[in-house]
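Q: Hi! I'd like to go through the aromatic rings in this protein with you. Can we look at it together?

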Amino acid sequence: MLIRTSNHTLKYSNQEKIDLYWRLVSDYKELLQKYINLIHSKRLPLKVMLTCKHLPTLNNITHSKWKQLCYREASEIYRGLLAKKKKFTKPEIKTHSINLNTDLWDIEYTLEGEFDGFIRIKTPYFQCGKKRAVSLKIPFRFHKQSNKFKDNDWVMNSSLRLSDNFSFSFYWNKEQEEKRTEGTQIGIDCGYKKLIACSDGEVYGKELEEVYKKISRKVQRSKAFKRALIERDNLTNKAVNDFFKEHSNVKDVICEKLKYVKHKSKFSKKFNNKLQRWSYTKTLNRLELLAQTKGFCLRFINPAYTSQTCSHCGVVIKSNRNGEIYHCSVCGVELDADVNAAINILRRGVYSPSNDEA
């Protein structure tokens with residue numbers, strides 16, 4: 001089963017609803033920390049679940065289901081830490097999200113009007129003088145990402161995530177595609193100057209080098225720096241999507257597994273700063289997501305000598321690669337260096353039975 005999320009902001013809500021949302025998230029986070037403190041000091045038993053009568057009321061959250069939800073999460077966090085190590089300091093909650101089940105929220109779709117629907121959350125606060133909980137009704141619109149899920153047989157599940165950055169997320173489920181048994185095989189080389197070079201000679205993401213340079217010139221955490229990061233991520237996704245559109249019948253994508261690119265490197269400090277923004281990992285993550293949803297196999301091989309080996313005669317000579325060009329001093333073949341590496345990656349992946357698969 002594949003699970004994805006679509007994030008939605010509170011920009012369509014009025015200030016009263018935003019204030020109530022922030023109060024809810026803040027109070028929950030406070031209660032979660034207090035329950036963890038009590039568990040850590042052994043003043044509250046560590047169990048999977050406790051009934052409401054055993055859970056103290058420590059702040060504005062008095063609703064029994066909310067207290068039980070908060071305790072269950074506190075116990076999960078603490079038991080998770082106990083499973084990893086016997087001694088640890090008291091956990092401190094810095095940022096947090098709330099995962100609600102259908103007992104505490106529902107959704108109402110609208111056929112006409114400004115919004116696509118409303119989520120109605122049963123808050124832990126009670127109306128004055130009544131036993132009925134106050135409801136928080138938040139309008140939303142489906143956007144490009146969520147529409148892709150809707151239009152491609154994804155099903156929204158019964159969970160809702162409330163984040164402390166004034167956003168909420170829907171969860172979407174879909175059965176995983178069976179792996180393809182027919183189709184082509186292709187090797188790809190992920191590079192700094194050309195994000196994806198294919199064994200068939202196609203190249204994608206050549207414009208990203210300028211974006212890496214742009215990011216390295218910006219002041220970190222500035223607005224311009226963040227805009228440049230978004231531009232990089234968008235171009236990375238576009239390059240991967242363009243690759244798959246033109247190779248939609250592929251059954252095996254073979255690439256190299258790079259590790260510690262900067263570790264003990266001989267690159268200059270200036271180039272290492274640019275290399276830090278290289279979106280190699282994001283490219284692989286995007287390919288892995290596509291592999292799950294489209295049904296092709298993503299396989300990894302050892303990258304040793306793929307860029308120094310001649311894809312025509314097989315000789316390994318480091319000096320044959322000169323920048324972006326590979327010229328074999330033995331057989332005389334000349335071609336793009338990254339495409340040459342991609343051909344070697346494909347051959348190594350096809351003839352090596354012990355590859356990792358995604």
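A: Happy to! Let's start with a definition: a charge sits over a ring if NZ of Lys or CZ of Arg is within 6 Å of the ring centre and within 35 degrees of the ring normal. Keep in mind that this is a predicted model.

Q: Okay, so which ring does the charged end of Lys137 sit over?
A: That would be Phe118, with the charged end of Lys137 5.0 Å from the ring's centre.

Q: And what about Arg23, which ring face does that one lie over?
A: Arg23 lies over Tyr125, at 3.7 Å from the ring centre.

Q: Switching to ring pairs: how many aromatic pairs are there in the whole structure?
A: The search finds 17 aromatic pairs. One of them is Tyr109 with Phe142: their centres are 6.4 Å apart and their planes meet at 25 degrees, so this pair is stacked.

Q: Where do Tyr109 and Phe142 lie?
A: Tyr109 is in strand E3, while Phe142 is in the loop between strand E5 and helix H3, so the pair ties together parts 33 residues apart in sequence.

Q: Is Phe142 buried or exposed?
A: Phe142 is buried, because its relative accessibility is 10%. Tyr109 has 47%, so Tyr109 counts as partly exposed.

Q: What kind of pair do Phe140 and Phe142 make?
A: An edge-to-face one, because the planes are at 75 degrees, with the ring centres 5.2 Å apart. Both of these residues are buried.

Q: Which residues do ring pairs link into a cluster?
A: The cluster consists of Trp105, Tyr109, Phe140, Phe142, Phe149, Trp154, Phe168, Phe170 and Trp172.

Definitions and conventions: Residues are numbered from 1 along each chain as its sequence is written. This is a predicted model: local features need pLDDT of at least 70, side-chain atom pairs count only at pLDDT 80 or more; totals for chains, interfaces and linings use all residues. Side-chain values use heavy atoms; hydrogens and water are left out. Rings of Phe, Tyr and Trp (its six-membered ring) pair if their centres lie within 6.5 Å; planes under 30 degrees apart count as stacked, over 60 as edge-to-face and the rest as tilted. Helices (H or I, at least four residues) and strands (E, at least two) are DSSP runs, numbered from the N terminus. Buried means under 20% relative accessible area, exposed over 50%, partly exposed in between (1.4 Å probe, protein chains only).
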